[in-house]
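User: I'm new to this one and would like a friendly tour. Could you put the model up first?

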Amino acid sequence: MYWLLIFIALLSMGFSGASRADSEAPGDEARHATDWSFSGHLKYRLLYQAYPDNSLFRDLLGSRSTDNDLDLRLKASASLERWDFKADYQFIAVRGDSLPLNSLLPGVSRPLNSVISDDRRWWNLTHSFGDTDSTVFVHRLDRLNIGFTTERSAWRFGRQAISWGNGMVFTPMDVFNPFDPAAVDKEYKTGDDMLYGQYGFDNGNDLQGVAIVRRDPITGRVEQEQSSLAFKYHGFLSVNEYDLLAAEHYGDRIIGLGGNASLGGAVWRGDITWTRTDLDAVLSLVTSVSYSWNWGGKNISGLLEYYHNGFGQKHGAYAPVDLLRNPDLLRRVARGETFTLARNYLAASATIEMNPLFLLIPTLFVNLDDPSALAQLVAQCDIKQDLLFIAALNIPIGPDGSEYGGIESSIEGRYFSSSPGVFAQLAWDF
């Protein structure tokens with residue numbers, strides 16, 4: 001619990017500093033007093049999942065599983081002239097039927113409900129304890145960084161999060177802890193240990209750079225082949241925007257081009273990346289069109305997005321022996337950079353404002369190579385100020401052997417398949 005003690009100490013320093021600033025008379029000392037800010041959230045999540053008769057998950061867990069998660073985040077920030085400091089403490093408690101899958105199926109290519117760790121990160125700021133069979137407790141620092149800002153530049157060192165690219169659902173240019181396209185809660189991205197810098201030009205363009213230091217999860221040593229160095233130039237062409245990317249990521253070289261433009265009342269966005277690995281040169285891209293309108297007195301925004309995953313499997317070949325022939329894909333799945341197995345996808349989504357406090361968000365993720373699909377319906381309700389409820393129904397569609405219908409396992413007649421599942425979350429911000 002030593003990270004919690006550190007965080008509490010920071011809070012104590014902040015409160016005493018705030019009291020001193022409030023009591024100062026106007027003058028130099030008051031003007032240069034540290035400005036502290038404190039906030040946080042508490043989230044409870046319920047995940048219910050059913051499994052069909054031929055599912056390997058059913059053999060291991062039974063006909064259904066229920067997971068309960070509690071996520072407490074305490075946030076502290078301070079600023080003094082050009083300097084600022086941020087720290088986010090997390091306490092996560094998980095009581096889940098699906099937790100044993102991580103030890104029973106360590107090599108599975110499908111993402112499982114796993115507990116976060118810092119095995120790859122430069123700093124080990126995560127500690128877990130408890131009964132690992134069904135219950136685990138985690139406390140960690142998800143943000144811990146210091147920044148310095150000038151008129152032209154901004155620098156930040158420490159654990160932080162960064163998002164690049166123009167994909168709305170699929171994000172080939174965003175390789176730093178991207179969100180699962182089907183994730184319901186995308187409020188906070190997991191932080192990495194990095195040095196980030198940004199320089200602004202007179203014309204409004206800017207150059208961003210990031211250096212992320214990582215360890216080999218097996219040896220525990222910091223290695224260049226596990227780290228990342230990336231630069232992105234963001235520019236304007238009239239009212240349109242473009243991005244240029246150059247990066248070395250886990251030993252692979254990446255070049256990217258992206259942007260967004262207005263098309264009448266719609267907005268086009270897109271990214272294309274070229275990755276040179278030890279085995280191949282891979283091209284991936286995403287392109288989308290979004291549009292907002294009013295229908296029946298309700299505000300609606302729609303999105304249609306196509307994604308080509310150059311690392312994906314061809315012709316729906318997901319058998320274990322086929323996946324083993326594609327180590328570039330498996331490495332990205334294991335690192336949490338890729339959440340899809342095939343090459344071509346289409347996502348269609350709409351956000352319907354039933355009233356200012358209640359949103360319905362139907363989404364369809366379609367694998368164009370199977371074909372199979374995942375239908376998702378999200379309902380979001382602002383119960384009251386600082387209290388938000390989100391619920392989602394996920395329905396996989398497709399035959400046995402397809403990605404969303406359930407890929408083959410190494411056991412004949414058994415698939416990594418799921419029936420409809422439910423996600424529910426109640427979040428309180430303070």
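**Patch and cores**

Analyst: Strand β18 (residues 387-397) gives the most to the nonpolar patch, with 3 residues; strands are DSSP E runs of at least two residues, helices H or I runs of at least four, numbered from the N terminus. Bear in mind that this is a predicted model: local features need pLDDT of at least 70, side-chain atom pairs count only at pLDDT 80 or more, and totals for chains, interfaces and linings use all residues. Residues are numbered from 1 along each chain as its sequence is written, and side-chain values use heavy atoms, with hydrogens and water left out.

User: Is Leu364 buried, partly exposed or exposed?

Analyst: Leu364 lies in strand β16 (residues 358-367). Buried means under 20% relative accessible area, exposed over 50%, and partly exposed in between (1.4 Å probe, protein chains only). Its relative accessible area is 35%, so Leu364 is partly exposed.

User: Which element gives the largest share of the largest nonpolar core?

Analyst: A nonpolar core is a set of buried Ala, Val, Leu, Ile, Met, Phe, Trp, Tyr and Cys residues joined through side-chain atoms within 4.5 Å. The largest has 25 residues, with Val169, Phe170 and Leu329 among those with the most contacts inside it. Elements giving two or more residues include α3 (56-61), β13 (281-295) and α6 (327-334). The largest share, 3 residues, comes from α3.

User: How many helices and strands are there in the protein?

Analyst: Of the 430 residues in the protein, 42% are buried. Its secondary structure comes to 6 helices and 21 strands.
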